[in-house]
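Colleague: I'm new to this one, so could you walk me through it? I'll ask, you reason it out.

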Amino acid sequence: MAQQAINKSHRLMNIHVFQQTRDILVDLLDKGKWAIITIPLFTFFQTYIFNDFDYLMWLAVLVSLDTVLGFGLAIFKREVEKEKFGDILIKMIVYSSCLIVGHVLENFTVSGQTMSGGEYLKFIIYIAILIKEAISVLTNAGKVSKKLVPVFILKRLKGFNETGDLTHLTQNF
C-alpha cells in the first residue's frame, strides 16, 4: 500500500513537471510576446544602425571565400597560425564599423533633412570594402595558380583601392 502511494506520488510529480515544462515552452514560443520586444529593436536597428542586408550577403560571400582560400593556402603551406583567426574578428569589427558609418552618412537628418551626398559617401564606403575583399580573394586565388587570375583585373582593383577613383574600374573596357 505504501509503495502504491509512492508510485502515485511520483506519477503526479512527473505530470506536474511535464505541465510546467510545457507551460514554459508555450511561453517562450508565444510569438506575440517576442514580437513586442523584437519588432521595436529591429526597427531601431534598421533605422539607426544598418539596413542594407542584400549588400551584407554579397560581402559575406566574399569574406567567406577569402577566409576559405586563405585557410586552405595556410594548410597547404603548413603555415596555420591561430593569430590569423583573430584577424577575422578584427575584420568583422572594422567592416561593421564602416557599414554603420555609411548608413549614418546616408540617413542622418538635420532639421528633418538628410545630408546631400550622404548616399554617395555610403556607396564609396561599400564599394571600397567589396573591392578590398575582391583583391584579397583574387590575390589568394593567384597564389593557388598564378596563370588563372588575370593581372589586369588585380591592377584595376588595386588602382581603385589606392586612389578611390572609380575610373580605374571602368577605363579601357
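Colleague: To start, how many helices and strands are there in the protein?
Modeller: Keep in mind that this is a predicted model. Read along the sequence, the pattern goes α-α-α-α-β-β-α-α-α. Tallied up, that gives seven helices and two strands.

Colleague: And what share of the residues in the protein is buried?
Modeller: To count as buried, a residue needs under 20% relative accessible area. The protein has 173 residues, and the buried share of them is 18%.

Colleague: What about the surface, then: how much of the exposed area do carbon and sulfur atoms supply?
Modeller: The protein exposes about 13100 Å². Of that area, the part supplied by carbon and sulfur atoms is 68%.

Colleague: Let's talk charges. How many salt bridges are there?
Modeller: The rule asks for a side-chain nitrogen of Lys or Arg within 4 Å of a carboxyl oxygen of Asp or Glu. One that passes is Lys122 with Asp52, at 3.8 Å from N to O. By this rule, the count comes to four.

Colleague: Sticking with Lys122 and Asp52, how far apart in sequence are the parts that this pair ties together?
Modeller: The side chains of these two meet in a salt bridge. Lys122 lies in helix 5, residues 118–144, while Asp52 is in the loop between helix 2 (31–49) and helix 3, so the parts they tie together are apart in sequence by 70 residues.

Colleague: Is Lys122 buried or exposed?
Modeller: The cut-off for buried is under 20% relative accessible area. Asp52, at 22%, counts as partly exposed. Lys122 has a relative accessibility of 10%, so Lys122 counts as buried.

Colleague: Which residues does the salt-bridge network join?
Modeller: Lys122 also forms a salt bridge with Glu106, with the closest N and O atoms 2.8 Å apart. That pair links helix 5, where Lys122 sits, to helix 4, where Glu106 sits. Salt bridges that share partners make one network, and its members are Asp52, Glu106 and Lys122.

Colleague: Which residue forms a salt bridge with Glu133?
Modeller: The closest N and O atoms of this pair are 2.9 Å apart. Glu133 is in helix 5 and its partner is in helix 4, 42 residues away in the chain. Both residues are buried. The partner is Lys91.

Colleague: Now the surface patches. Which residues form the positive one?
Modeller: Patch residues have over 30% relative accessible area and no salt bridge. One member, Lys84, lies in helix 4. The full positive patch is Lys77, Lys84, Lys143 and Lys146.

Colleague: And where is Glu79, from the negative patch, found?
Modeller: Glu79 gathers with Glu81, Glu83 and Asp87 in a patch of negative charge on the surface. Its relative accessible area is 48%, so Glu79 is partly exposed. As for its place, Glu79 is in the loop between helix 3 (53–77) and helix 4 (83–107).

Colleague: Last thing, the backbone: what is the phi of Arg78?
Modeller: Arg78 lies in the loop between helix 3 and helix 4, and with a relative accessible area of 77% it is exposed. Arg78 is not a glycine, yet its phi is positive, at about 60 degrees.

Colleague: Where does Ser111 sit?
Modeller: Ser111 has a positive phi too, about 55 degrees, although it is not a glycine. Its relative accessible area is 75%, so Ser111 is exposed. Its place is the loop between strand 1 (109–110) and strand 2 (113–114).

Technical notes. Residues numbered from 1 in each chain as written. Predicted model: local features only at pLDDT ≥ 70, side-chain atom pairs only at ≥ 80, totals over all residues. Heavy atoms only, no water. Patch = residues over 30% accessible without salt bridge, like charges linked within 9 Å, V, L, I, M, F, W, Y side chains within 5 Å. Areas by Shrake-Rupley, 256 points an atom, 1.4 Å probe, with all protein chains shown as cover. Lys, Arg positive; Asp, Glu negative; His and termini not counted. Charge placed at Lys NZ, Arg CZ, Asp CG, Glu CD. Helix = DSSP H or I, 4+ residues; strand = E, 2+ residues; numbered from the N terminus. Buried < 20%, exposed > 50% of the residue type's maximum accessible area, 1.4 Å probe, protein only.
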